[in-house]
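Let's walk through this structure together, beginning with the overall layout and then moving in to individual residues. Keep the sequence and the model side by side as you read.

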Amino acid sequence: MPLLDNPRQERFAQCLAKGKTQADAYEEAGYRPNDGGASRLAGNVKVKTRVAELAERAANRVEVSKSWVMERLMRNAQMCLGEAPMVTPGDDEEAETVEYKRDPAAANTALQLLGKELGMFVDRSISATTTLEEMLDRIDGDDDPAGPRPAAGEPEAAPD
């Protein structure tokens, strides 16, 4: 589908395809803020069709890029493991085959990136959220079931 005839509608469609909200896209396209107007324009058949086309184009570009990167990572891993030969021109205009130098660290990096993209590896981290007040209470012993601890140099209370 070609560009929409109305430049503001085209801009609105482009903004929606980029992920902007209807209200933000409506304003960026040059319209006065109006949620109802933004909703109506988003429901316009021509605008909906154009947004779908733009989104599909973007998805195709991303897929080509992702595919390109994945292919290169696989090739790099093979080269670093010494499994793929490099072809270079020879002196007599015939191709000469040369083996790649093995580089296990680079191969591991390429394989790790491939595995992460395929969901084989998950980055794990531990996150703790404690407020300053909670930390101070712990230091003071306020959350200790036995009660607060005596300050340094004070004698401990006798058990009851």
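The chain contains 6 helices and 2 strands. Following the sequence from its start, you meet them in the order α-α-α-α-β-β-α-α. Please keep in mind that this is a predicted model. The chain has 160 residues, of which 20% count as buried. If you take the contacts with a separation of 6 or more, 38% of them are between residues 24 or more positions apart.

A good place to begin is the meeting of helix 1 with helix 3. Two packed helices are described by the angle between their axes and the distance between the axes. Here, the axes of helix 1 (residues 7-17) and helix 3 (residues 35-43) come within 11 Å and cross at roughly 85 degrees. An angle from 65 to 115 degrees counts as roughly perpendicular, and the two helices are therefore roughly perpendicular to each other. Which residues of helix 1 and helix 3 meet? Helix 1 brings Q9, F12 and L16, while helix 3 brings A38, L41 and A42. By type, the residues of this contact are 5 nonpolar and 1 polar, with no charged ones.

Let's look at L41 in helix 3. Is L41 buried or exposed? Its relative accessible area is 9%, and buried means under 20%, so L41 is buried. Beyond its neighbours within four places in sequence, L41 is in contact with Q9, F12, Y26, Y31 and V47. L41 is also 9.2 Å from A13, C-alpha to C-alpha, with their positions 28 residues apart in sequence.

From here we can step back to the nonpolar cores. The largest nonpolar core has 15 residues, and F12, A13, L16, Y26, L41 and V47 are those with the most contacts inside it. Helix 1, helix 2 (22-28), helix 3 and helix 4 (45-80) are the elements that give two or more residues to this core. Helix 1 provides the largest share, 4 residues. There is also a second, separate core of 5 residues, with M70, L73, A110 and L114 among them.

Returning to L16, you can trace its contacts outside the four places on either side in sequence: L16 touches T21, Q22, A25, A42 and V51.

Helix 1 also holds E10. Despite its charged side chain, E10 counts as buried, at 6% relative accessibility. The side chain of E10 makes a polar contact of 2.9 Å with the side chain of Q14. Not counting residues up to four places away in sequence, E10 touches L3, L4 and R50.

Two more residues are worth finding in the model. N44 sits in the loop between helix 3 and helix 4, and N44 is partly exposed, with a relative accessible area of 28%. Its C-alpha atom is separated by 9.7 Å from that of Q9, and the two residues are 35 residues apart along the chain. V69 lies in helix 4 and counts as partly exposed, at 39% relative accessibility. The C-alpha atoms of V69 and L114 are separated by 9.3 Å, although these residues are 45 residues apart along the chain. You have already met L114 as one of the residues of the second core.

Notes
Residues numbered from 1 in each chain as written. Predicted model: local features only at pLDDT ≥ 70, side-chain atom pairs only at ≥ 80, totals over all residues. Heavy atoms only, no water. Buried < 20%, exposed > 50% of the residue type's maximum accessible area, 1.4 Å probe, protein only. Polar contact = N/O pair within 3.5 Å; in protein donor to acceptor, adjacent residues only side chain to side chain. Contact = heavy atoms within 4.5 Å. Axes fitted to C-alpha atoms, helices over the stretch in contact; angles between N-to-C directions. Parallel < 35°, antiparallel > 145°, perpendicular 65-115°, else oblique. Core = buried A, V, L, I, M, F, W, Y, C linked by side-chain atoms within 4.5 Å.
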